[in-house]
Amino acid sequence: MTPSPPSLYVHVPFCAGKCAYCAFYSERYDPALAHRWLAALETEITLVSRDLQFDSLKTIYLGGGTPTILEPPVLKSFLALIAKCTAPAIIKEWTIEANPGTLSRQKLKLLRQAGVTRISLGVQSFQDRVLLQVGRPHTSADTVAALYEAKKAGFNNIGLDLIAGLPGVSRKEWREGMERVVSLDVQHVSVYALTLEPATRLSRAVQAGACLIPDEETMLRLLEDAENILSSAAYVRYEISNYCKPGSECLHNLNCWRGLDYIGFGPAASSRIGLRRWTNQPDLNAYISALARGVLPQRDEEILNVQTDAAERLAFAFRLAEGVDFSTVQTCSPGQKDRWLQTLLTLARDELVEMTENGRWRLTRKGRNFADHVASELLSS
């Protein structure tokens, strides 16, 4: 039997609705459908457990969708099912994503009792008119209330997610929002640059000229504002889009960025073990139907070659502020390592990467704004 990877991800595919910018797979929450999904999830875990021994999990991440949209009885059963996958004593971090307005006192109590240690709260903006415009089902007051209740319930590891560049947010309002984040005294902050995804309502609105989004130069200024404000408040930018108080990094995501393996359950969930990588197809009805027949859902799967696998893991590692110890990078040939080194030297001349005093390669402050370009250069070397 194969030992489990260190990280488990579970996709909860339900939301109150589809946000204007969102391209992630989700379905509108329906209690009856949620019960069927939960039964299918239990079967998927059972089938995979025949070949995979869940004896070495260190982090659990429940994402979506909106996991906390589940009604208390379903949420309780869901958490109990996940807890069966491992011994609670060896779990270092158990995260659940939540939206303001979905965290009742009863749900928070269930999360604490199950062993959840960390909440990632999808705030996105503190401008109520903008939240309404992009379809977020909460207000800034809901955010403050959710934080209050979570802290009161005993959670001391809470993160906020925000999006830079949402239409209608001035630079002054953006800076005020970041100051608001600091005042709320959370342990972790994620700041994502708005990406215009095809086939979303926001993409169609921009193409029709109904709204404007920031150009690249303005976006860089917004991200710089976030870094300056958060850094001055003792938050450390430990990854391209993530800041934390010292010692409060998201361990689950650190594992992935450092190239460790992970297993995923649920429709649209991805897994990576060794050179194998697969993703369940994003179709909840097909997922439920297959597992009702006792077979794993259809998924897109590939076997990577050693060279591609090593290149991808290296590119991901460069997202971290800790950088990469090049002497420990695994590769299939000395020639590949030499090509990467030449690429890094070229990128260093462009002031996108640098070598630290302890001999690790990392992105420069300028390079963090061009992380995708750096990754592309490494992958093509």
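**View 1. The second largest pocket holds about 660 Å³ of space.** Keep in mind as you explore that this is a predicted model. Of the 24 residues that line this pocket, Ala193, Met219, Leu223, Asn369 and Asp372 are the closest to its centre. Strand E10 (188-193), helix H8 (216-232) and helix H14 (371-379) each give two or more residues to the lining. Helix H8 gives the most, with five residues. Sorted by class, the lining of the second largest pocket has 15 nonpolar, five charged and four polar residues.

**View 2. The largest cavity has a volume of about 60 Å³.** The model has three cavities of 30 Å³ or more. Which residues line the largest cavity? Going along the chain, they are Gln124, Ser125, Phe126, Gln127, Leu162, Ile163, Leu166, Val169, Glu173, Trp174, Gly177 and Met178. Strand E9 (158-164) and helix H6 (171-184) each supply at least two residues of this lining. Helix H6 gives the most to the lining of the largest cavity, with four residues. By class, seven of the lining residues are nonpolar, four are polar and one is charged.

**View 3. Leu275, Ile303 and Val306 form a nonpolar patch on the surface.** Together, these three residues have about 250 Å² of accessible area. Look for Val306 in helix H11, which covers residues 306-317. Why does Val306 count as partly exposed? Its relative accessibility is 44%, so Val306 falls in between the cut-offs of under 20% for buried and over 50% for exposed.

Notes: Residues numbered from 1 in each chain as written. Predicted model: local features only at pLDDT ≥ 70, side-chain atom pairs only at ≥ 80, totals over all residues. Heavy atoms only, no water. 1 Å grid on protein atoms, 1.4 Å probe; cavity = no way out; pocket = protein on both sides within 12 Å on 5 of 7 lines; lining within 4 Å. Points joined across faces, edges and corners; volume = space filled by probe spheres on them. Nonpolar A, V, L, I, M, F, W, Y, C, P; charged D, E, K, R; others polar. Patch = residues over 30% accessible without salt bridge, like charges linked within 9 Å, V, L, I, M, F, W, Y side chains within 5 Å. Areas by Shrake-Rupley, 256 points an atom, 1.4 Å probe, with all protein chains shown as cover. Salt bridge = Lys/Arg side-chain N within 4 Å of Asp/Glu carboxyl O. Buried < 20%, exposed > 50% of the residue type's maximum accessible area, 1.4 Å probe, protein only.
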